Amino acid sequence: MTETPVQVLGPEEAWELLGSGEVGRLATCVGGVPDVYPVNYHAADGKIILRTGEGTKLSELAVNDRVAFETDSYTDDGGWSVIVKGQARILTGVREIEEADKLPLHPWIPTLKYNYVEIAVDEITARRFEFGPEPERYPV
């Protein structure tokens with residue numbers, strides 16, 4: 001194990017990790033009540049695109065477009081996490097929807113999801129973790 005099992009990563013590596021993922025969590029907040037939703041996504045060019053059906057996510061984004069997004073991955077030896085803060089926007093233009101339709105972004109469950117949401121990223125942070133046993137609390 002290294003001396004520092006948590007490594008803070010720079011924006012370039014954070015984007016690389018974000019782009020390698022497929023599943024994340026979208027966090028919204030309306031009226032002081034936070035919600036978190038698992039979503040599949042596509043990340044590139046400074047933004048995240050996700051698809052969703054009608055429902056709570058879209059309603060909440062119409063009220064408060066500020067969101068957080070998180071994705072991560074791990075193995076037996078370690079893992080990583082990327083957290084994004086940004087502004088969500090429901091895509092409505094014909095051209096932008098046609099472009100989103102070309103992305104490798106498909107529902108994982110057999111449901112129709114006609115709505116695309118774009119998250120413009122304001123802030124991105126990432127960490128890499130090395131797993132191992134807990135250090136001795138009271139070393140001799």
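**Pocket, helix α1 and strand β7**

The lining of the largest pocket draws at least two residues from each of β3, β4 and α3 (94-101). The model is a predicted one. The space in this largest pocket comes to about 220 Å³. Its lining is made up of 13 residues, and those closest to the centre are Lys47, Ile49, Glu99, Leu103 and Glu118. As general background, empty space is found by rolling a probe the size of a water molecule over the atoms.

Helix α1 comes next. This helix spans residues 11-20, and Ala14, Leu17 and Leu18 in it are buried. Viewed down the axis of α1, the buried residues fall within an arc of 100°, so they line one face of the helix. The general reason for such a pattern is that an α-helix has 3.6 residues a turn, so residues three or four places apart point the same way. On the other side of α1 lie Glu12, Glu16 and Ser20, which are exposed. The cover over the buried residues of α1 includes the strands β1 (6-9), β3 (33-44), β4 (47-52), β5 (66-74), β6 (78-90) and β7.

Two of these strands, β3 and β5, also carry an aromatic pair. The count of such pairs is one. The partners are tyrosine 41 and phenylalanine 69, arranged edge-to-face, with 4.9 Å from centre to centre and 75° between the planes. Because tyrosine 41 belongs to strand β3 and phenylalanine 69 to strand β5, the pair ties together parts that are 28 residues apart in sequence. Tyrosine 41 and phenylalanine 69 are both buried.

Strand β7 can be followed through two of its residues. Asparagine 115 is in this strand, which covers residues 115-130. Its relative accessibility is 15%, and since buried means under 20%, asparagine 115 counts as buried. Leaving aside residues up to four places away in sequence, asparagine 115 touches Leu50, Arg51, Thr52, Gly53, Glu54 and Leu58. With glutamate 54 there is a polar contact between the side chains, at 3.1 Å.

Glutamate 130 also lies in strand β7. With a relative accessibility of 30%, glutamate 130 counts as partly exposed, because this class falls between the 20% limit for buried and the 50% limit for exposed. Glutamate 130 can be related back to helix α1 through glutamate 16, one of the exposed residues of that helix. In sequence, glutamate 130 and glutamate 16 are 114 residues apart, and in space they are 19 Å apart from C-alpha to C-alpha.

Key
Residues numbered from 1 in each chain as written. Predicted model: local features only at pLDDT ≥ 70, side-chain atom pairs only at ≥ 80, totals over all residues. Heavy atoms only, no water. Helix = DSSP H or I, 4+ residues; strand = E, 2+ residues; numbered from the N terminus. Buried < 20%, exposed > 50% of the residue type's maximum accessible area, 1.4 Å probe, protein only. Polar contact = N/O pair within 3.5 Å; in protein donor to acceptor, adjacent residues only side chain to side chain. Contact = heavy atoms within 4.5 Å. Arc of directions from axis to C-beta. Phe/Tyr/Trp six-rings, centres within 6.5 Å; stacked < 30°, edge-to-face > 60°. 1 Å grid on protein atoms, 1.4 Å probe; cavity = no way out; pocket = protein on both sides within 12 Å on 5 of 7 lines; lining within 4 Å. Points joined across faces, edges and corners; volume = space filled by probe spheres on them.
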